[in-house]
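Please examine the sequence and the model shown below before reading on. The explanation that follows is meant to be read alongside them.

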Amino acid sequence: MLNVELKGVSKSYSPGKTVLQMLDLNINAGELFFLLGPSGCGKTTLLRLLAGFLKPDTGTIFFAERDITHVAPERRDTGMVFQNYALWPHMSIFDNVAFGLDTRNIRGDERRRLVHEALVLVEMEEFAERKPASLSGGQQQRVALARALAFRPKLLLLDEPLSNLDAKLRDSMRSEIRRICKSAGLTAIYVTHDRKEALSMADRIAILNQGRLEQVGTPEHLYRRPLTRFTAEFMGQANFFPVTVNTVGHDVCVLDTPFGTMRAAKPDFEVTAGDRLTAMVRTECLRPTQEGTSHDNAFSGRLKAGSFQGENSVWEVSAGDYLLNVLEACPPHREPESGITLQITPEHLVLLGDQ
Amino acid sequence: MKIVQKLFLPVLLLFIFLFMGLPLFTVTVQGLAPSIIIETLSTPFYQEGLINSLKIALCTTVLVVIIALPPAILYDRFEFRGKSLVNVMMMVPMILPPFVGALGFQQVFGYYGVLNAILGHFMLPPVDWLGGQERFGAVCLIEALHLYPLLYLNLVTALANIDPSLDEAARNLGAGRWRRFRRVTLPLIRPGMFAGGSIVLIWSFTELGTPLMLGYDKVTTVQIFNGINELETNPVPYALVVLLLIFSAGIYSIVRATLGRVDDTMVVKGMSGKRLQRLSLLPGILVFGVFLVITLAAGLPHMALLLGAFSQDWYGTILPSSWTMLHFKNSLSHEIVVPSIINSLKYSSLAMLVCLGLGIPAALLLVRRRPRYRHVIDTLIMLPLAVPGIVVAFGYLGMCSRYQVLNYIFDPVNNPTLLLVMAYAIRRLPYVVRSACAGLEQTPVSLEEAARNLGAGGLTVLRRITVPLVSANLVVGALFAFSFSMLEVSDSLILAQKSIFYPVTKAIFELSQILGEGTYIACAFGVWAMLFLAFSLLAANLLLGRKMGSLFRF
């Protein structure tokens, strides 16, 4: 187990086209840490910097307080799982997995034992003598994981390891990888653009946007209390509207919104009365309630369109000048153009830090 | 269309049978008398020839690997100034058939050649560069400098096909540069190594022109050639041909068994982009220098040829002592020159047409209709690549003297045109078919189906969709067929027996044998040939780019 620290790391492939900008990041020992972002955000570049295939233009990278910025990839003791698995087609599964032991001069019974243990861990022990070409995608993925784990690395790097698998296999591999990482006590850094993967597996997530860190936090925190519109949108469906801060209290603040005055939980950053900000509310947090009676933190609108999806419905509700998306679970039958009252719990009305 | 399809296969099979199967058969029958083979094998003169041929093949191949592997790796790893140039540079030696190169080679390395003149200039004693009368080293070096592009192109293609993550994975697991090369790169380029290496091995084993031109007659091919005049009475040349064939097949099988296994298909999905290491100015110049040195070394005989063509008198001096344009004029006015050019143009165009006429339908059959027996057809079409030209030529003479009917049709003594065309065609057919197949495989069938869906018949689809789409590949295949026919040596030397039927290569050989001005005229003639092939290869390179390497696989 080791902790990873990045200080002021930048990288550009050609002058003027910056891929990573002055990144500071701390990854705790034993953590399953996710780098999440759309394609082209620099997450794979960051992973390749950690593996040593790239050198940063500026900044320093530490593994367990040791500066490894200029250490060659083959001396970093990281296990990496490549997006396309990169299994050597000319070697058997056994030889593939044993490779990291060969380079460390581990021979004989010890070598056999460690390979066997790695293959048992991914439940591939009966395939040891086969060649990679005879395995299915999921099996190749497991072997790639076993190969990266066999020499007991302190840091595991995973580059979209599940992106080549079908949806069903992906689901089962998610919990499998998490189980393996946790039982081996590994620090693992996992790159993906799939937010469901990140939400269901990560201890913490870093959201990357155009080479910059957007926000770092637990899955729940990033979903519930995003700091920026980018994070909010990337993590799930939401509605956005402009608000003005009216008064700031102890743990709530009162906002002037296009739908009337409403209370919201106080954000993590400083706000003062008169600030003009953007507020966010997730589609499932706009809760339709009994029409006609008065409710706390609620407003009324008109149902414009809806799509019935079985276990839930998505409604389009017009309120003021805005068209809001509402996700309702266990939905009753609703007629278009009927009135609807929407209620928001103050902690679900989130103030965003940008604009 | 249906009838064409039905008729095509028998025509193709008849062609292969008549111009490859039957000659191989007659050669084998005539030479396979055990008593003669044993007698030949126990004659020290022929023993030595076979051993020398094997030694030449081995040395040449080793030299080729040494020359071709480092630049291929440099090309694959690095980005440097002038990189776009180097592949064209590396093709330079293909411009000349090595036997013409041998002409220039002697001007440089001969005892009274340029190198010794330079040594003499600095008061140093002359060195016997060619290894005395033996000429063994000279033959290997000339052939290696001519043949290395075959391996180089194959290696560049093979290296480009390796997913970079395979190397990165090894690096991630702690493997250093040498271990990665030995355990990952080398095993993965093995098929390319095999594809290029086996051609070089067999080519140099059966090469006739170079040892003949250098006067090195202790090799099997030259011994066969010299035996041609006593063919009626002496069965030894046939026995030698059979031995050549057996050894070729043996070498090929051994190499295939050790290098050619194709069990390791790449399983990597979605090739990750290759990141080339960009070299700064000085290392870049060094790397470029590697390519330059190889090209210059390979181009030396050609430059000497050029100088020889312009020189009035060049003997024991660094540069010719006087210059002239006369040889270019003479080379065009000599009585056998112009007819030989016309002959070569005629033979080669006809051979090219035969190749296209058979090659396009064959490729369509192999790629589009994919019959179950397609591997058999593919092997049959590719077979001529592995059969030496000298064997084919001998087979033709043999079958004509054995079956009177064929002698009546082909008439090799009085007019060898048809046989020469077919000899050229059958050994170039593989290039055309491979090239056309590559084009068809890259063209989605749906484009043809769309035309069919809109009401086009089979021939219309072929004419308006298929042929235009693969035209680049067809042009390249045709160019290769034409150029290599123009510069074919073995068939030409053996089959063209009367001077009015001489093709270019035989004319150059005959000219070079004339004392006095003959060599210079031959040089001038060689320059014409060189310009010609340079143009074809440049055009092919532009049209096909890096895929060129795949043409030389079998």
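The paragraphs below treat chain B as a whole, then a helix pair, a sheet and the cysteines.

The model is predicted, and chain B offers a convenient starting point. Chain B has 554 residues, of which 56% count as buried. Its secondary structure consists of 26 helices and four strands. When contacts in chain B between residues at least 6 apart in sequence are considered, 80% of them join residues at least 24 apart. The surface that chain B exposes amounts to about 23,900 Å², with carbon and sulfur atoms supplying 67% of that area.

Two helices of chain B illustrate how such elements meet. Helix α2(B) spans residues 34-42 and helix α3(B) spans residues 44-77. Their axes lie 5 Å apart, and the packing angle is about 80°. Angles from 65 to 115 degrees count as roughly perpendicular, and α2(B) and α3(B) are therefore described in that way. On the α2(B) side, the residues that take part in the contact are T40(B), L41(B) and S42(B). They meet P44(B), Y46(B), Q47(B) and L50(B) of α3(B).

Chain A provides an example of a sheet. Five strands form an open sheet in the order β13-β12-β11-β14-β20 (chain A), and their pairing is antiparallel. The edges are occupied by β13(A), residues 260-265, and β20(A), residues 350-352. Each of these two strands has a single partner strand, so one side of each is left without a neighbour in the sheet. From one strand to the next, the twist averages 50°. At the β20(A) edge, strand β14(A), residues 276-282, is joined to β20(A) by three bridges, and the two strands run antiparallel. Within this pairing, T278(A) has L352(A) of β20(A) as its bridge partner.

The cysteines remain to be considered. How many disulfides does the structure hold over all chains? The number is zero. C140(B) is accordingly in no disulfide, and its nearest cysteine sulfur, that of C59(B), is 4.5 Å away. A disulfide requires a pair of cysteine sulfur atoms within 2.5 Å, so the separation of 4.5 Å from C140(B) to C59(B) does not qualify. Is C140(B) buried or exposed? C140(B) counts as buried because its relative accessibility is 3%, and buried means under 20% relative accessible area. In chain A, C181(A) is also buried, with a relative accessible area of 2%.

Terms used. Residues are numbered from 1 along each chain as its sequence is written. Chains are lettered from A and ligands numbered from 1 in the order in which they are written. This is a predicted model: local features need pLDDT of at least 70, side-chain atom pairs count only at pLDDT 80 or more; totals for chains, interfaces and linings use all residues. Side-chain values use heavy atoms; hydrogens and water are left out. Buried means under 20% relative accessible area, exposed over 50%, partly exposed in between (1.4 Å probe, protein chains only). Contact means heavy atoms within 4.5 Å. Accessible areas come from the Shrake-Rupley method with a 1.4 Å probe; for residues, only the protein chains shown count as cover. Two strands pair if DSSP finds at least two bridges between them. Axes are lines fitted to C-alpha atoms, for helices over the stretch in contact, and angles run from 0 to 180 degrees between N-to-C directions. Angles under 35 degrees count as roughly parallel, over 145 as roughly antiparallel, 65 to 115 as roughly perpendicular and the rest as oblique.
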